[in-house]
Amino acid sequence: MAEFMELEGQDGVRMAWNVIPGTKQEASNCVVPVSAVYTPIKPFPNMPVLPYAPLRCRNCRSVLNPFSIVDFAAKIWICPFCFQRNHFPPHYASISDENLPAELFPQYTTIEYQSPGEASSIPPVFMFVVDTSIIEEEMAFLKSALSQAIGLLPDNSLVGLITFGTLVHVHELGFGTIPKTYVFKGSKDVSKEQLLEQMNFFLFKPKPPTGVIAGARDGLSSESIARFLLPASDCEFALNSILEELQKDPWPTPVDQRASRCSGTALSIAASLLGACVPGSGARILAFIGGPSTEGPGAIVSKNLSDPIRSHKDLDKDSAPHYHKAVKFYEALAKQLVHQGHVLDLFACALDQVGVAELKVAVEKTGGLVVLAESFGHSVFKDSLRRVFRSEDKDLGLSSNGIFEINCSKDIKVQGILGPCASLEKKGPLCSDTIVGQGSTSAWKMCGLDQATSLCLIFEIVKKEIPDATLHSNIFGSQLYFYSYQHSTAEMRLRVTSLSRRWVAGPGSIQDLIAGFDQEAAAVVMARLVSFKMEIEAEFDPIRWLDKALIHMCSRFGDYQKDSPSSFSLSPRFSIFPQFMFHLRRSQFVQVFNNSPDETAYFRMILNRENVANSVVMIQPSLISYSFQSAPEPALLDVAAIAADRILLLDSYFTIVIFHGSTIAQWRKAGYHNQPEHQ
């Protein structure tokens with residue numbers, strides 16, 4: 001594993017196969033697809049940032065990289081993807097064997113470019129969308145968490161506030177003398193045009209007769225925008241006084257009914273307002289929801305308590321009356337947010353389901369964060385909210401409006417990406433006919449992401465026959481470009497990662513394939529694939545699919561004599577893979593029993609955005625044993641690990657369990673750990 005970790009430390013990429021099967025047939029025999037898990041803005045302390053624009057191939061637009069062939073005498077470089085000969089521009093005139101530009105250094109396969117003068121003028125924007133249909137106690141917790149968050153906002157960031165219950169209230173923070181709100185009916189969807197009309201956006205500046213209304217440049221006066229979006233330093237007092245006086249929704253709720261809550265309408269209004277005022281900026285909608293939506297578009301359940309909220313069984317039998325309508329509504333909202341370049345973050349804190357399963361598409365396509373807790377007083381919620389704004393050592397490194405593009409050697413196509421992104425529908429020869437996740441494109445938009453956000457790319461090998469090893473085509477090459485706006489430095493960056501792996505084919509290739517197999521990355525790819533298939537394929541049997549995959553893997557890569565089960569053995573490169581599959585079959589990604597659709601959606605969203613190391617812990621929890629005799633050591637996930645003089649720590653990513661052995665529990669009861677001699 002160590003060499004794969006080292007490669008990840010250099011490029012932020014983990015590939016299931018680090019030696020690539022050479023033909024289409026060989027690749028399909030390998031069961032686990034040729035794939036890569038890529039973390040686009042993983043921080044690298046030694047990575048150079050070049051203060052000039054990248055040099056691109058004039059044919060395929062790939063960037064000059066360490067795998068390019070350079071003729072120093074003629075000042076020409078040959079593109080490794082399309083073999084086009086390109087001339088170096090005049091400012092590269094002094095290059096030679098001894099005087100290389102940084103992008104040709106063999107160790108800099110991942111490098112960043114920062115073009116001068118490309119800093120963004122729009123500060124980060126935060127739109128708080130707050131649910132008031134919750135009990136007084138929850139309201140108090142939420143208000144205290146929000147006022148803390150407001151104190152942590154960067155001074156230059158723009159802030160807006162929308163509260164909702166039965167009705168949606170848009171607060172005009174710029175009206176300082178008295179609190180002023182615009183109220184919309186929760187059961188009715190409001191179009192962007194109606195919204196601008198009713199909120200008096202064209203009072204000072206008449207509405208333009210044609211064209212799209214988008215921000216101060218296109219049709220809106222900056223005074224009217226500043227009524228609803230103000231710099232945090234200017235409106236902190238106004239915000240805090242609104243929060244102090246915020247009451248729970250005053251509309252009475254009959255005993256046999258759920259509270260009326262119009263989450264969909266509120267989110268739609270927030271999206272339209274940001275789309276009109278600050279399109280293309282790094283804006284985030286922070287939705288704080290304390291229960292199921294029962295009113296207007298996006299409702300997940302009726303108000304009658306006699307109607308239960310949909311369960312997995314209802315979804316399987318297609319007897320959840322509101323589900324498809326709500327999903328359709330949130331798909332349209334996701335499309336709108338992606339077009340505007342805005343992010344939806346969801347903080348769902350309730351004992352009941354709130355509709356994460358329906359909202360999943362909007363959160364995932366925009367790269368939003370999701371937090372699921374039982375109460376707004378829960379430490380998970382409070383700490384997570386703080387992490388969004390805090391910018392010290394624990395910074396999430398939030399970036400926005402990223403565009404991710406890929407280029408590959410000629411025998412490779414891209415089937416798609418599983419992860420938090422949206423297709424930009426850039427079709428071309430790279431796109432495979434088979435679509436997995438966000439497919440049939442070679443460019444994707446990531447409205448929001450952090451330093452750990454990871455995408456899973458699924459490739460297809462299209463070569464039909466075994467390549468001649470002496471030809472130039474025995475390198476699998478791929479170049480990943482990631483162009484994004486970094487909040488911390490307020491500048492645009494282009495990161496280029498160039499990958500090269502060996503092709504192998506023919507009779508002796510199995511040993512090479514085994515040597516390049518990364519079982520952790522393969523387990524994560526299989527987990528993302530099985531979760532994806534469970535969501536889109538109606539009659540899909542995940543257990544059977546995983547079992548068949550494992551059997552095919554073992555029969556292809558295991559050593560055995562026919563009819564002698566005891567002779568079976570797997571190479572150490574494959575030995576933990578069956579164990580991962582065993583745990584994946586039993587994990588909450590595959591077994592939905594005892595989980596609500598909301599919880600399942602939440603687990604899958606986290607799996608789809610985390611890196612390999614974290615995802616492996618979700619699939620197979622880690623168990624660490626602490627004792628006086630030895631240093632902390634990993635233990636087997638077995639009852640045999642329990643001993644009287646040990647403390648066991650189980651980390652399953654979503655929960656941590658600490659188990660004290662009987663002797664240690666007695667010491668704890670006796671209070672030994674508080675005595676100075678036992679420190």
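This is a guided tour of one protein chain, going from stop to stop in the viewer.

Keep in mind throughout that the model is predicted, and that residues are numbered from 1 along the chain.

**Stop 1: a ring cluster and a stacked pair**

Begin by selecting Phe 126, Phe 128, Phe 288, Phe 347, Phe 376, Phe 381 and Phe 389, which ring pairs link into a cluster. The count of aromatic pairs in the model comes to 29. Within this cluster, keep Phe 288 and Phe 347 on display: their ring centres are 5.1 Å apart and their planes stand at 10 degrees, so the pair is stacked. Phe 288 belongs to strand β14 (residues 283-289) and Phe 347 to strand β15 (residues 343-349), so that the pair links distant parts of the chain, 59 residues apart. Are these two rings buried or exposed? Phe 288 counts as buried because its relative accessibility is 0%, and Phe 347, with a relative accessible area of 1%, is buried as well.

Now move to Phe 404 and Trp 444, an aromatic pair that is tilted, with 5.8 Å from centre to centre and 45 degrees between the planes. Here Phe 404 sits in strand β17 and Trp 444 in strand β20 (residues 443-449), and the pair links distant parts of the chain that are 40 residues apart. Phe 404 is buried at 0% relative accessibility, and Trp 444 is buried with a relative accessible area of 0%.

**Stop 2: along strand β17**

Stay with strand β17 and select Asn 401, which is found in this strand. Asn 401 has a positive phi of about 50 degrees although it is not a glycine, and with a relative accessible area of 16% it is buried. Next select Ile 403, which is also found in β17 (residues 399-408); at 31% relative accessibility, Ile 403 counts as partly exposed. Add Leu 424 and Tyr 483 to the selection, and you have the three residues that make a nonpolar surface patch of about 220 Å² together with Ile 403 counted among them.

**Stop 3: strand β18 and its partner**

Select residues 412-418, which form strand β18: six of its seven residues are buried, so the strand is largely enclosed by the rest of the structure. Then add strand β21 (residues 455-461), which pairs with β18 in the antiparallel sense over six bridges. To see one place where the two strands face each other, label Val 414, which stands opposite Phe 459 in β21.

Beside these strands in sequence, select Asp 411 and Lys 463, which form a salt bridge whose closest N and O atoms are 3.7 Å apart. Asp 411 lies in the loop between β17 and β18 and Lys 463 in the loop between β21 and β22 (475-486), so the pair ties together parts that are 52 residues apart in sequence. Both Asp 411 and Lys 463 are buried.

**Stop 4: further salt bridges**

How many salt bridges are counted in the model? The count comes to 25 salt bridges. One to select is the pair of Asp 131 and Arg 261, whose side chains meet at 2.6 Å, N to O. Asp 131 is in strand β9 (residues 125-131) and Arg 261 in the loop between α6 (232-245) and α7 (263-277), so that the pair links distant parts of the chain, 130 residues apart. Asp 131 and Arg 261 are both buried.

For another setting, select Arg 502 and Asp 512, a salt bridge with its closest N and O atoms 4.0 Å apart. Arg 502 is partly exposed, with a relative accessible area of 44%, and Asp 512 counts as partly exposed at 28%.

**Stop 5: two covered helices**

Select helix α10 (residues 356-365), which is mostly covered, as nine of its ten residues are buried; among them are Glu 358, Lys 360 and Glu 364. Just after α10, look at Gly 367, which takes a positive phi of about 75 degrees.

Finish at helix α17 (residues 612-619), where six of the eight residues are buried, so the helix is largely enclosed by the rest of the structure. The buried residues of α17 include Val 612, Ser 615 and Met 618.

How values were computed:
Predicted model: local features only at pLDDT ≥ 70, side-chain atom pairs only at ≥ 80, totals over all residues. Heavy atoms only, no water. Patch = residues over 30% accessible without salt bridge, like charges linked within 9 Å, V, L, I, M, F, W, Y side chains within 5 Å. Areas by Shrake-Rupley, 256 points an atom, 1.4 Å probe, with all protein chains shown as cover. Helix = DSSP H or I, 4+ residues; strand = E, 2+ residues; numbered from the N terminus. Buried < 20%, exposed > 50% of the residue type's maximum accessible area, 1.4 Å probe, protein only. Pairing = 2+ DSSP bridges. Phe/Tyr/Trp six-rings, centres within 6.5 Å; stacked < 30°, edge-to-face > 60°.
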